[in-house]
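Visitor: I should like to learn how to read the packing and the charge pairs of a protein model. Where should one begin?

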Amino acid sequence: MTTSRTGKPIVIADYDPAWPRRFEAERELIVRTCGRAPFAATEHVGSTAVPGLAAKPIIDIMPGLRSLDDAPPLIPPLKRIGYEYVPEFEQTSTSGEGMPFRRYFRKDLDGERTFHLHMVATDSEFWRRHLVFRDWLRAHPEDAYAALKRSIAVEYSARLTPTSDINVGYTDRKSEFIEEIIAEAERAG
């Protein structure tokens, strides 16, 4: 079972050239387990998908479905390969606004979070915006995003308690920067 992620400091690691290979290997495991048919595409997103960018060493995988109605039959096979489905993130809570348009899974290896899986429809804003952001960072490898993440991680870790939720605050603080990048990318067309 997945271990608790509360009370742990956020670690921002230097870029690891093994991240793309880890993504490819995990994508192949997912396809072998679930088949190719459910997925219109599967993308490596997040900071680990940007060569040279420092990141939390967790691979973000974004399987694109033609419809979210295709997601329920995929939950049991994903569980068999170690993914935990987290449906509570679809609902708004004290931790933040819910994402009913996403099916979120997480996977730990050796007690450490290793993969996040964000299953969404390929015609969704979530799909489009994540690819726009990733592609902008790949084309503009400035280090401002890594510096921001490192700064937020230090602030978060300084306020850490045994029950701190690892993502509350950290993700929110990055949001303004991400929104600015997406807006700039869309203006650039």
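Guide: A nonpolar core is a set of buried nonpolar residues joined through side-chain atoms within 4.5 Å. Please bear in mind that this model is predicted.

Visitor: What is the general idea behind looking for such a core?

Guide: In soluble globular proteins, nonpolar side chains tend to be buried together. In this structure, the largest nonpolar core has 21 residues, and those with the most contacts inside it are Ile30, Leu78, Tyr83, Phe105 and Met119.

Visitor: Which elements give two or more residues to this core?

Guide: They are α1 (19–34), β2 (59–65), α2 (75–80) and β5 (112–121). Helix α1 gives the most, with four residues.

Visitor: With which residues is Met119 in contact, leaving aside its neighbours within four places in sequence?

Guide: Its partners include Leu78 and Phe105, together with Pro63, Leu65, Leu68, Ala71 and Leu74. Phe101, Arg102 and Arg103 also belong to the list. Apart from this core lies another, of 19 residues, among them Ile12, Val50, Phe133 and Ile182.

Visitor: How should one read the packing of two helices?

Guide: Two packed helices are described by the angle between their axes and the distance between the axes. Here, helix α3 (residues 125–139) and helix α5 (residues 170–188) pack at an angle of about 85°, with their axes 9 Å apart. The two helices are therefore roughly perpendicular to each other.

Visitor: Which residues meet in the contact of α3 with α5?

Guide: From α3 come Arg128, Arg129, Val132, Phe133 and Trp136; they meet Ile178, Glu179, Ile181, Ile182, Glu184, Ala185, Glu186 and Ala188 in α5. The residues of this contact divide into eight nonpolar, no polar and five charged.

Visitor: How does one approach the charge pairs, and how many salt bridges does a search of the whole structure find?

Guide: Side chains of opposite charge can pair when their charged atoms come close. The search finds 12 salt bridges. In one of them, Glu26 pairs with Lys107, the closest N and O atoms being 2.8 Å apart. This pair links distant parts of the chain, with Glu26 in helix α1 and Lys107 in strand β4 (residues 102–109), 81 residues apart.

Visitor: Are Glu26 and Lys107 buried or exposed?

Guide: Both Glu26 and Lys107 are buried.

Visitor: Where do Glu125 and Arg128 lie?

Guide: Both lie in helix α3, three residues apart, about one turn of the helix. Their side chains meet in a salt bridge (2.7 Å, N to O). Glu125 is partly exposed at 47% relative accessibility, and Arg128 is partly exposed with a relative accessible area of 30%.

Key: Residues numbered from 1 in each chain as written. Predicted model: local features only at pLDDT ≥ 70, side-chain atom pairs only at ≥ 80, totals over all residues. Heavy atoms only, no water. Axes fitted to C-alpha atoms, helices over the stretch in contact; angles between N-to-C directions. Parallel < 35°, antiparallel > 145°, perpendicular 65-115°, else oblique. Contact = heavy atoms within 4.5 Å. Nonpolar A, V, L, I, M, F, W, Y, C, P; charged D, E, K, R; others polar. Buried < 20%, exposed > 50% of the residue type's maximum accessible area, 1.4 Å probe, protein only. Salt bridge = Lys/Arg side-chain N within 4 Å of Asp/Glu carboxyl O.
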